[in-house]
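Subject: Structure handover

Hello,

I am passing on a structure that you have not worked with before. Please look it over, then read the notes below it.

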Amino acid sequence: MTYKKLSEVADIYTGIRTPRYMSDESQNTEKIISNKIADNKLHYETIKVDDNIDKKYYSKKDDIIIHLLNTTQIHMLTEENILIPFNYAIIRPKNVNAQYIYHILKSNQFNHVKKRINEGTQLKVLKVSHLKDIKIKIISPESQEKYGHLLNLVDKHIQTKEKQLKTEYEYKNELIYELLGEKYVRL
């Protein structure tokens, strides 16, 4: 086991500054990750852009993106050819298991390090240059794959439990409505 800088195991850069490439006259429309952040899910929009955008700004399967202003937003992308805007860091793993890196970046230890390197008083910003210097433990490729798969299964279990709790909460509210009628709270 060794520690390596994140920049040694992944290409890391910010997304594209879309206003530079937007054009109302263009016939070329592209899907882009929206700045709208809700429910810890990515949202998309479509924009008209010029044809000369560097391919590195388009998503690839297993890219990891971190919202630089709201660093709790970390996603692993499965869809390809979506533009990634400037307010995201793109982490494109190379010669390491992407799921392993993703779960490290979603971990409590990474959150503690992030808090130490975030800059700003009111609005916290994560700089890509700081992100590149973070060191992570690199284990054997077989272990990376095994741990990445195991942690994905745990995430699926958690998502199932969260859906179950949401359904039970909705059922409780419907039950109150059925028991007490339409207007059971007044001012």
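The notes below go through salt bridges, a surface patch, pockets and a few single residues.

Please keep in mind that this is a predicted model.

Salt bridges

Side chains of opposite charge can pair when their charged atoms come close. A search of the whole structure finds five salt bridges, and three of them are described here.

Lys31 and Glu79 form one of them, with N and O 3.1 Å apart. Lys31 belongs to strand β3 (residues 29-33), while Glu79 sits in the loop between β6 (74-76) and β7 (88-93), so the contact ties together parts that are 48 residues apart in sequence. Lys31 is partly exposed, because its relative accessibility is 31% and the partly exposed class runs between 20% and 50%. Glu79 is partly exposed as well, at 36%.

The next pair is Arg92 and Asp63, whose closest N and O atoms are 2.6 Å apart. This pair also links distant parts of the chain: Arg92 is in strand β7 and Asp63 in the loop between β4 (44-48) and β5 (64-67), 29 residues apart. Are these two residues buried or exposed? Both Arg92 and Asp63 are buried.

A further salt bridge joins the side chains of Lys61 and Asp62, at 3.5 Å from N to O. Asp62 has a relative accessible area of 28% and is partly exposed.

Surface patch

A nonpolar patch of about 790 Å² lies on the surface. Tyr171, Leu175, Tyr177, Leu179, Leu180, Tyr184 and Val185 make it up. Tyr184 comes in the segment after α5 (141-180). With 40% relative accessibility, Tyr184 counts as partly exposed.

Pockets

Rolling a probe the size of a water molecule over the atoms shows where empty space is left. In this model the largest pocket holds about 940 Å³ of space. Its lining has 24 residues, and those closest to the pocket centre are Asn40, His75, Tyr102, Asp155 and Gln159. Which elements each give at least two residues to this lining? They are β6, α2 (98-105) and α5. Helix α5 has the largest share, with eight residues. By class, the lining of the largest pocket consists of 11 charged, seven nonpolar and six polar residues.

The second largest pocket has a volume of about 280 Å³. Its lining is formed by Tyr3, Tyr100, Ile104, Ser107, Gln109, Phe110, Val113, Ile134, Lys135, Ile136 and Lys137. Two or more of these residues come from each of α2, α3 (108-117) and β8 (135-138). Seven residues of this lining are nonpolar, two are polar and two are charged.

One residue of that second lining, Lys137, is worth locating in the view. Lys137 is in strand β8 and is partly exposed, with a relative accessible area of 33%. Between Lys137 and Tyr58 the C-alpha distance is 28 Å, and the two are 79 residues apart in sequence.

Asn108 is another residue to locate. Asn108 lies in helix α3 and is exposed, at 60% relative accessible area. From Asn108 to His43 the C-alpha atoms are separated by 25 Å, with their positions 65 residues apart along the chain.

Backbone

Two asparagines have backbone angles to note. Asn81 has a phi near 65°, a positive value in a residue other than glycine. Asn81 is in the loop between β6 and β7, the loop that also holds Glu79 of the salt bridge with Lys31. Asn81 counts as exposed, because its relative accessibility of 52% is over the 50% cut-off.

Asn95 has a positive phi too, near 60°, and is likewise not a glycine. Where is Asn95 found? Asn95 sits in the loop between β7 and α2. Its relative accessible area is 82%, and Asn95 is exposed.

Regards

Methods. Residues are numbered from 1 along each chain as its sequence is written. This is a predicted model: local features need pLDDT of at least 70, side-chain atom pairs count only at pLDDT 80 or more; totals for chains, interfaces and linings use all residues. Side-chain values use heavy atoms; hydrogens and water are left out. A salt bridge is a side-chain nitrogen of Lys or Arg within 4 Å of a carboxyl oxygen of Asp or Glu. Helices (H or I, at least four residues) and strands (E, at least two) are DSSP runs, numbered from the N terminus. Buried means under 20% relative accessible area, exposed over 50%, partly exposed in between (1.4 Å probe, protein chains only). Patches are made of residues with over 30% relative accessible area and no salt bridge: like charges are joined within 9 Å, nonpolar side chains (Val, Leu, Ile, Met, Phe, Trp, Tyr) within 5 Å. Accessible areas come from the Shrake-Rupley method with a 1.4 Å probe; for residues, only the protein chains shown count as cover. On a 1 Å grid over the protein atoms alone, a cavity is a set of points where a 1.4 Å probe fits but cannot get out, and a pocket is an open set with protein on both sides within 12 Å along at least five of seven lines; lining residues have an atom within 4 Å of a point. Grid points are joined across faces, edges and corners, and a volume is the space filled by probe spheres set on the points. Ala, Val, Leu, Ile, Met, Phe, Trp, Tyr, Cys and Pro count as nonpolar, Asp, Glu, Lys and Arg as charged, and the others, Gly among them, as polar.
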